[in-house]
Amino acid sequence: MLRDQYAVDKFFIEVCERVTAMDAILVQIDVLLDDMALYQQVKGDLSQRYGKTTKTGRSSTPVEVIVRMLAVKHLYNLSYEQTEQQVRDSLVLRHFCRVYFEQVPDDTTLLRWANQLQPETLIAFNERLAHLAKQLQVTRGRKLRTDGTVVETTIAYPSDSKLLADGVRVLGRTLKRIRTALGERIGNATVLFRDRTRSARKVARTITQRARRQSQAAKAEMQQGYQQLVRVAQATVAQAKQVLERLTTEDVQPLLRECHTLTTFLPRVEQVIEQTVRCVFEHESVPASEKLVSLFEPHTCIIRRQKAGKETEFGRKVWLDEVDGGIVTRWSILAGNPADETQWQPALDQHCCLFGEPPHQASGDRCLYSPTNEINAQEQGVKRIILPQPGYKSDARRRHEAQSWFRRGRRFHVGVEGRISVLKRKHGLDRCRNHGEEGFHRWIGWGVIANNLTQIGKKLASKACGF
C-alpha cells in the first residue's frame, strides 16, 4: 500500500543536529521540497503502479522518500546503487530524504518507482519550481535566453556490420530460451532453433578488420563479408518468424517476454538488413531520417552540427529555455535535426503561459534569426529582441546591432552556454543512461529539475547569509 511518509523521528533529528550539519544549499532545497503541490504531482503517478496500490498490499517506500532520493541522485549525478549507498551511509542524507533510522530502499526498488513517473509529471514539477522561484524572488522572468544542445544516448558507434551481428545475437538467444522452455514440442527443432550468433560475430569482426585497409582487395573482401552477414541475418529472421507463427498454437503464457522480444526486434533487424543492402550493395545514400543506428535505443537520431572534433553525434537534440536567475523553464526533445529557428516561437509562447506576460528581453543565436521571428516577438510585446543577423548586414542593421542594449543582451545570452555546460558536467546531460524514449525524457527532466533546485538553493542560501 502506498504511503506518504515515515513518522517524524525527533530523536534521529536531534542526534543528526548534534553530530553534523546540513549544507546551507541542501537546507534550502530541503525546505523547497516540502511544497505539497510538488509532492501531489509525483504521488499521482506512483499510485498508478498497480490497480490497488493506494488501498491494499504491504507498506511501500513512502512517496516523500522516493522524491527526495531521486532528487539526491540527480543533484550529485549518482547511479541508483551509489544513491542507495550514499543515503545509507550519511546521517545528513538520511535526514534530507526523511529515512531516519528506517531501512533505505534498495536501488532496484528505487528504479522501479522512478520508472512510474511520466514525462508530463516532470514538466509540471518543473513549472511548479519556476513559480516558486518567482515567488521567492530568485527570478523575475524578465530575461529569456534559448539554445539547443545534443544529449547522446548510450550506444556503441553504429556500423552496419555491428547492427547485423547484434540483431542475430538478440534473436538467437531469444530462440534458445524458447527451445529450452518448449523442449521438442515444436517440430524440426534443429533447423528452427539453429544459433548463428558465432558465425555473425566472426564475419562482423572480419569486416571491421578489412575496413581498416584501403586496398581494392580489402574492399572486395568486405563486400563478400557483408553478403555472408546479410544471408545469416535473413536466415535468423526467417527462423524467428516461423517460431513466432508456431507459438500461436502453444501455451505462450510462460513465454510472453520472449514473444514480446521477437515482435519488437524483428522489424528492427529487417530495417537494418534493408538499409545495409541499400548502402553497401546498391551504393545508395540512405537519408539519416530512414536509418536505424541502434537496435536497443531506436529513437536515437543522427545529428550533424558542424562542431569541431565532433561532426556527427548520436542522440537527441534538446532545446532549453532559461530565464534570469539560472532557472531552466522549458525543455523540448526534438525529433531528428529540425531548423533551430522553429524553436523561437514555442519558447516565447511557453514563457508567456508560465509567467503571464512576455519577457522584457529575449535572445537567441544567429541560427534563430528570421524577419518573421523578430516580427512575432514584437507583436507579443518583447521590448528587446536579441537576434543577430547572419551573413551580409545592411548599414541600418549594423547600427541596430551596435547599440549598447543589443551588445549587453549578446553578453547575457552567452551565459546559456555555461548553463548547458553545467547541466552536462554536473547533472548528467552529456549522455542519457536511461533506456527507451520515455527514459530519455525522464533523464532530461530530472537533470533540469536538479539544476533548478540547486540554483534556487544557492540564491536563498546567499540571502540567508546576507550576501
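This passage walks through one strand with its pairing partners and then through the salt bridges of a predicted model.

A good place to start is strand β3, which spans residues 310–323. Of its 14 residues, 11 are buried, so β3 is largely enclosed by the rest of the structure. Strand β1 (residues 143–153) pairs with β3 in the antiparallel sense over 9 bridges, and here Val 150 has Lys 317 as its bridge partner. Strand β2 (residues 301–307) is also antiparallel to β3, with 5 bridges between them; Ile 302 stands opposite Phe 314 in this pairing with β3. The hairpin of β2 and β3 has 2 residues between the strands, and Gly 309 takes a positive phi near 80° there. On leaving β3, the chain can be followed to strand β4 (residues 327–334), which runs antiparallel to β3 and is joined to it by 7 bridges. Val 323 stands opposite Ile 327 of β4. In this second hairpin, 3 residues lie between the strands, and Gly 325 has a positive phi near 100°.

Turning to charged side chains, the model contains 30 salt bridges. One of them joins Asp 30 to Arg 98, with the closest N and O atoms 2.8 Å apart. This pair links distant parts of the chain, as Asp 30 sits in helix α2 and Arg 98 in the loop between α6 and α7, 68 residues apart. Both residues, Asp 30 and Arg 98, are buried. Another salt bridge connects Glu 64 and Arg 68 at 3.9 Å; because these two are 4 residues apart in helix α4, about one helical turn separates them. Glu 64 and Arg 68 are buried as well. These four residues, together with Asp 34, are linked in a network of salt bridges.

Key
Residues numbered from 1 in each chain as written. Predicted model: local features only at pLDDT ≥ 70, side-chain atom pairs only at ≥ 80, totals over all residues. Heavy atoms only, no water. Buried < 20%, exposed > 50% of the residue type's maximum accessible area, 1.4 Å probe, protein only. Pairing = 2+ DSSP bridges.
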